[in-house]
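Student: Could you take me on a close look at the sheet in this model, and then at the parts around it? I would enjoy one connected account that I can follow with the structure open beside me.

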Amino acid sequence: MNKKYNIAVIPGDGTGPEVVREGKKVIRAAASRFGFSINFEEYDFGGDRYLKTGEILPDSAVEELKKYDSIFLGAIGHPDVKPGILEKGILLRLRFELDQYVNLSPVKLYPGVDTPLKDKGPEHIDYVVIRENSGDVYTGSGGVTMKGTPNEIAIQNMVYSRMQVDRCLKYAFEYTRKRNKTKTLALCGKTNVLTYVFDLWERAFNEIGEKSYPDIKRDYYHVDAISMWMIKNPEWFDVVVTSNMFGDIITDLGAITQGGMGVAAGGNINPDGVSMFEPIGGSAPKYTGQNVINPIAAISCGAMMLNHLGEEKAADAIENAIMDVTANKLKDMGAGRMGYSTSEVGDLVAERV
Ligand code: IPM
Ligand code: MN
């Protein structure tokens, strides 16, 4: 019998709906070629709904979203809404409530795409950052006293439990084994200053690695140092695992080396629950409705989602189709500079799938 997947779609703000439309187009093409079916249910959460109704994300929606096989998200962020409200109220809330404790960010330079790294090509830039997605300064632990006075004190705690670190590391080791490239997992931390938190990470990393993953080579980098090496020698990396805040920063660094906003895809993963896939590009309000934004990141998210659902062949077919299009068709990856419209890029990839 054909497999059937139920996908919740949150197109979101700005250009989110345009890129999501192309992502769905390509996913549908893959479904019909590889013999599974997809049911998309749309949800209108985002800035417009918030401005109209005052509602960000009703509790009932969170419960409803738990019933899907995956969530496909466009972009969250609206120029008329104060920064932080939608990000915290939708994106971070879903990550936390659905316990999507891993953020998966492939850093892969597709052929034909420009990188700001001199003398580096697709053969050098192909690794994955696994960002812990549930702890750290993102937990909101802390507070402020004497606000508005010269003595104001603000505290935002870097929080990690052994359980959080262990489950993320286990995922990272498994992922490295399955990826089967150089079988090297690098921990990115700051053991020379953050001597509590990264001592915990480092001990867990070595204990788990020694005991259960002797086939995986372990490396360690301080976060400041890895920021240089990701530029100078990206070919060193296979899989990098890191904390939430450091991961937030180095995944943007990685993204620009693979061509930036229009290309980088991300997955918020709960290995035992509902995961959510989102292009990291943002809502790009300036380009809304013009059909000029690059949908490759969203399409690549679709491939990640299918891979996660177990449709590996379909995911590979999408990846290969993307690479054929970036190598042979697109002039540039920037909005309005591709030589094709948003929907034409979707068509090109879908035809190839
Ligand atoms: C990301 C974003 C979010 C984060 C923001 C929008 C809250 O930068 O997905 O990396 O900091 O995690
Ligand atoms: Mn970020």
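**The sheet and its surroundings**

Tutor: Happy to! Let us begin with one pair of strands. Strand 1, residues 3-12, runs parallel to strand 2, and seven bridges join the two. To find the pairing in your viewer, look for Lys-3, which stands opposite Phe-36 in strand 2. Please keep in mind that this is a predicted model.

Now zoom out to the whole sheet. The sheet is open and has 10 strands, in the order 2-1-3-12-11-4-5-10-8-9, with mixed pairing. Its edges are strand 2 (36-42) and strand 9 (217-222), each of which pairs on one side only. On average, neighbouring strands are turned by 25 degrees against each other, direction ignored.

Two helices that pack on this sheet deserve a stop. Helix 4, residues 85-97, touches strand 1, strand 3 (70-75), strand 4 (102-108), strand 5 (126-132), strand 11 (265-269) and strand 12 (275-279). The direction of helix 4 makes about 145 degrees with that of strand 12. Helix 5, residues 162-179, also packs on the sheet, where it touches strand 4, strand 5, strand 8 (184-189), strand 9, strand 10 (239-242) and strand 11. Here the angle to note is the one between the directions of helix 5 and strand 5, about 165 degrees.

Which residues of helix 4 are buried? They are Leu-86, Gly-89, Ile-90, Leu-91, Leu-92, Arg-93, Leu-94 and Arg-95, so you will see two arginines named alongside the leucines. If you follow the chain onward, helix 4 is followed by Asp-99, which has a positive phi near 50 degrees.

Strand 5 is a good place to go next, since both helices touch it. Six of its seven residues are buried, so strand 5 is largely enclosed by the rest of the structure. On one side, strand 5 runs antiparallel to strand 4, with seven bridges between them. Within that pairing, Val-102 has Glu-132 of strand 5 as its bridge partner. Strand 5 also pairs with strand 10, this time in parallel and through four bridges. There, Arg-131 stands opposite Thr-242 in strand 10.

Let us go back to the edge at strand 2 and step off its end. Tyr-43 lies in the loop between strand 2 and helix 2 (47-53). Is Tyr-43 buried or exposed? With a relative accessible area of 12%, Tyr-43 falls under the 20% cut-off, so it counts as buried. Beyond residues up to four places away in sequence, Tyr-43 touches Ala-8, Val-9, Ile-10, Pro-11, Glu-64, Leu-65 and Tyr-68. Two of these neighbours are worth a distance check: the side chains of Tyr-43 and Glu-64 are joined by a polar contact of 2.6 Å, and a polar contact of 2.8 Å links the side chains of Tyr-43 and Tyr-68. For a sense of scale, the C-alpha atoms of Tyr-43 and Thr-195 lie 43 Å apart, with their positions 152 residues apart in sequence.

Next comes a pair of helices. The axes of helix 7 (residues 223-232) and helix 8 (residues 244-257) come within 10 Å and cross at roughly 10 degrees. That angle makes helix 7 roughly parallel to helix 8. Helix 7 brings Val-223, Ile-226, Ser-227, Met-230 and Ile-231 to the contact, while helix 8 brings Phe-246, Ile-250, Leu-253, Gly-254 and Thr-257. Sorted by class, these are seven nonpolar and three polar residues, with no charged ones.

Past helix 8 you reach Met-261, which sits in the loop between helix 8 and strand 11. Met-261 is exposed, with a relative accessible area of 55%. Setting aside neighbours within four places in sequence, Met-261 is in contact with Ile-280, Gly-281 and Ala-297. The C-alpha atoms of Met-261 and Ile-296 are separated by 9.5 Å, although their places lie 35 residues apart along the chain.

Ile-296 leads us to the last stop, as it is one of the residues that Thr-326 touches. Thr-326 is found in helix 10, residues 312-328, and is buried, with a relative accessible area of 1%. Leaving out residues up to four places away in sequence, its other contacts are Tyr-110, Pro-111, Gly-112, Val-113 and Met-333. The side chain of Thr-326 also reaches the backbone oxygen of Pro-111 at 2.8 Å.

Terms used: Residues numbered from 1 in each chain as written. Chains lettered and ligands numbered in written order. Predicted model: local features only at pLDDT ≥ 70, side-chain atom pairs only at ≥ 80, totals over all residues. Heavy atoms only, no water. Pairing = 2+ DSSP bridges. Axes fitted to C-alpha atoms, helices over the stretch in contact; angles between N-to-C directions. Contact = heavy atoms within 4.5 Å. Buried < 20%, exposed > 50% of the residue type's maximum accessible area, 1.4 Å probe, protein only. Parallel < 35°, antiparallel > 145°, perpendicular 65-115°, else oblique. Nonpolar A, V, L, I, M, F, W, Y, C, P; charged D, E, K, R; others polar. Polar contact = N/O pair within 3.5 Å; in protein donor to acceptor, adjacent residues only side chain to side chain.
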